[in-house]
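Trainee: I would like a close look at a single part of this model. Please take the helix that I point to and connect it to its surroundings.

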Amino acid sequence: MRVERIWKIALCAVVILSTGCFGYSFSGRTRAGDVYMPFFEDRSSGERALDVGNDLTQRLVGEFRQDSHTHVFQTASDRGRAQKELLGVVKRVTESILSRDPNETGEEYRVVVECSVTYRDLATDKVLWQSANVTGDGQYLLSQGDTGFRGALDEALGEVVRSIIDNTLRAW
């Protein structure tokens with residue numbers, strides 16, 4: 001009798017959970033739909049921060065494509081197939097001293113990536129989300145050289161991507 005009761009409770013729980021959660025995703029993401037996203041224009045300068053706009057765009061495309069229902073279009077001829085448009089500019093990549101030890105033998109640097117982003121509904125031409133100052137930063141020790149710089153730049157770009165994805169999906 002007790003086993004039968006446990007099975008009934010388990011069956012009821014499965015039915016309730018399956019009907020109550022229908023249509024929800026446990027991934028924490030919403031569907032982005034069809035997005036037109038050309039490469040971010042890169043206005044940054046410097047010998048060490050090359051091709052930041054391309055790198056940022058590829059990271060964003062990868063994030064959007066994690067949802068099998070999202071299509072990213074990057075050519076101008078495909079813009080008409082998209083519902084939304086994500087445009088961006090890498091305005092600058094800066095590097096500055098964050099800290100220096102008292103003996104001035106160790107320095108920590110900060111790399112900051114600053115972008116402007118516009119996310120628009122193409123059907124209504126309504127701006128859903130816009131910011132002239134989407135930033136990310138990363139730190140490295142001078143002793144780490146170019147490898148440290150690259151790691152800090154990757155960290156900064158990761159923050160920019162998270163900010164754009166969070167704001168874009170919230171605006172959807």
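The request and the reply follow.

Trainee: Please look closely at helix 2 (52-64). Which residues of helix 2 are buried?

Mentor: Keep in mind that this is a predicted model. Start with the setting. The chain has 3 helices and 6 strands. From the N terminus on, they run α-β-β-α-β-β-β-β-α. Of the 172 residues, 36% count as buried.

Now helix 2 itself. Helix 2 has 13 residues. From first C-alpha to last, helix 2 reaches 18 Å, close to the 18 Å expected at 1.5 Å a residue. Its buried residues are Val 52, Gly 53, Leu 56, Thr 57, Leu 60, Val 61 and Phe 64. They lie on the same side of helix 2, because they cover an arc of only 165 degrees around the axis.

Next, the core. In soluble globular proteins, nonpolar side chains tend to be buried together. The largest nonpolar core here has 32 residues. Leu 56 is among those with the most contacts inside this core, along with Met 37, Val 113 and Ile 164. Helix 2 supplies at least two residues of the core, as do strand 4 (84-100), strand 5 (107-121), strand 6 (126-141) and helix 3 (145-171). Helix 3 gives the most, with 10 residues.

Follow Met 37 for a moment. Beyond four places away in sequence, Met 37 touches Leu 60, Val 61 and Phe 64, among others. Leu 60, Val 61 and Phe 64 are buried residues of helix 2. Met 37 also touches Val 72, Phe 73, Gln 74 and Leu 86. Across the chain, contacts between residues at least 6 apart in sequence are 67% between residues at least 24 apart.

Then the charges. Side chains of opposite charge can pair when their charged atoms come close. Asp 55, Arg 59, Arg 150 and Asp 154 are linked in a network of salt bridges. Within this network, Arg 150 forms a salt bridge with Asp 154, the closest N and O atoms being 3.6 Å apart. Arg 150 and Asp 154 are separated by about one helical turn, because they are 4 residues apart in helix 3. Arg 150 counts as partly exposed, because its relative accessible area is 33%. Asp 154 is partly exposed too, at 28% relative accessibility.

To sum up, helix 2 has its buried residues on one side. Helix 2 also supplies residues to the largest nonpolar core.

Technical notes
Residues numbered from 1 in each chain as written. Predicted model: local features only at pLDDT ≥ 70, side-chain atom pairs only at ≥ 80, totals over all residues. Heavy atoms only, no water. Buried < 20%, exposed > 50% of the residue type's maximum accessible area, 1.4 Å probe, protein only. Contact = heavy atoms within 4.5 Å. Core = buried A, V, L, I, M, F, W, Y, C linked by side-chain atoms within 4.5 Å. Expected span 1.5 Å × (residues − 1). Arc of directions from axis to C-beta. Salt bridge = Lys/Arg side-chain N within 4 Å of Asp/Glu carboxyl O.
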